[in-house]
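Here is a short tour for someone meeting this structure for the first time. Please look at the sequence and the model, then read on.

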Amino acid sequence: MRVMTRGSQFKGDSQIVTWLFAIARNLVFDLHRKRSWSTTLDVGRETGDERWFELLPSREKDPFDHCVDTEHARLVTEALLTLKPRHRELVELRFHREMSLDEIARTTGNSLSSVKTRLFRAMRLLRLRLKVTCCA
């Protein structure tokens, strides 16, 4: 259903297999998040303590941490946009989608050695560009 409803979002920048895998993976993560939350609620209710929700750790960041995270995200995004699309795709699959190198090789149709080489080059370029940006 998701493929049918979001088909217009496929840009063609990557292989359709990568896009389909991303949809499936995100659905699994969504399901996991929902189950984790409901499990936390059930455990809290079983304790009999009406203040169980106060014991949950806060997920909110203080304003300073939020600003630092926003700035880091901006710098990384700008650096990623300077990469060639084939390098950017590998970084996306590896670190944003958390795919293994074998999964990336299968998804992109490249050999494992070429995935490793391109990812290494992409990370080296990112480090260099972030170092220049942060230290300039």
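## A salt-bridge network in helix H3

Glu78 and Arg74 meet in a salt bridge, with 2.6 Å between their closest N and O atoms. The model is a predicted one. Glu78 and Arg74 lie four residues apart in helix H3, so about one helical turn separates them. Glu78 is partly exposed, because its relative accessible area is 38%, between the 20% and 50% cut-offs.

Arg74 also forms a salt bridge with Glu71, at 2.5 Å from N to O. Helix H3 covers residues 63-81, and Arg74 and Glu71 are three residues apart in it, so here too the separation is about one helical turn. Arg74 counts as partly exposed at 36% relative accessibility. Glu71 is partly exposed as well, at 35%. Together, Glu71, Arg74 and Glu78 are linked in a network of salt bridges.

How many salt bridges are there by this rule? The count is four.

## The overall fold

What does the secondary structure consist of? There are six helices and zero strands. Read from the N terminus, the order is α-α-α-α-α-α.

The protein has 136 residues, and 19% of them count as buried. Its exposed area is about 10600 Å². Carbon and sulfur atoms supply 58% of that area. Now take the contacts between residues at least 6 apart in sequence: 52% of them join residues at least 24 apart.

## The largest pocket

The largest pocket has a volume of about 650 Å³. It is lined by 20 residues, and those closest to its centre are Asp13, Ser14, Trp19, Glu92 and Arg97. The lining holds six nonpolar, five polar and nine charged residues.

Which helix gives the largest share of the lining? That is H4, with six residues. Helix H4 spans 85-96, and helix H2 spans 16-46; each supplies at least two lining residues.

Two of the residues closest to the pocket centre, Glu92 and Arg97, also pair with each other. Glu92 forms a salt bridge with Arg97, the closest N and O atoms being 3.3 Å apart. Is each partner buried or partly exposed? Glu92 is partly exposed, at 32% relative accessibility. Arg97 is buried, because its relative accessible area is 17%, under the 20% cut-off.

## A positive phi at Glu98

Next along the chain comes Glu98. Where is Glu98 found? Glu98 sits in the loop between H4 and H5. The phi angle of Glu98 is near 55 degrees, a positive value in a residue other than glycine. Most residues other than glycine have a negative phi. Glu98 is exposed, because its relative accessible area is 55%, over the 50% cut-off.

## Ala105 in helix H5

Helix H5 runs over residues 101-108 and contains Ala105. Is Ala105 buried or exposed? Ala105 is buried, with a relative accessible area of 9%.

What does Ala105 touch, leaving out residues up to four places away in sequence? The partners are Asn110, Ser111, Leu112 and Val115. One of these, Leu112, is where helix H6 begins, as H6 covers residues 112-135. Looking back along the chain, Ala105 and Leu90 are 15 residues apart in sequence. In space, their C-alpha atoms are 9.4 Å apart.

## Arg129 in helix H6

Arg129 is found in helix H6. Arg129 counts as partly exposed, at 29% relative accessibility. Which residues does Arg129 contact beyond its neighbours within four places in sequence? They are Ala79, Thr82 and Leu83.

Of these, Ala79 falls within helix H3, which spans residues 63-81. Leu83 and Arg129 are 46 residues apart along the chain. Their C-alpha atoms are separated by 9.8 Å.

Definitions and conventions. Residues are numbered from 1 along each chain as its sequence is written. This is a predicted model: local features need pLDDT of at least 70, side-chain atom pairs count only at pLDDT 80 or more; totals for chains, interfaces and linings use all residues. Side-chain values use heavy atoms; hydrogens and water are left out. On a 1 Å grid over the protein atoms alone, a cavity is a set of points where a 1.4 Å probe fits but cannot get out, and a pocket is an open set with protein on both sides within 12 Å along at least five of seven lines; lining residues have an atom within 4 Å of a point. Grid points are joined across faces, edges and corners, and a volume is the space filled by probe spheres set on the points. Ala, Val, Leu, Ile, Met, Phe, Trp, Tyr, Cys and Pro count as nonpolar, Asp, Glu, Lys and Arg as charged, and the others, Gly among them, as polar. Buried means under 20% relative accessible area, exposed over 50%, partly exposed in between (1.4 Å probe, protein chains only). Contact means heavy atoms within 4.5 Å. Accessible areas come from the Shrake-Rupley method with a 1.4 Å probe; for residues, only the protein chains shown count as cover. A salt bridge is a side-chain nitrogen of Lys or Arg within 4 Å of a carboxyl oxygen of Asp or Glu.
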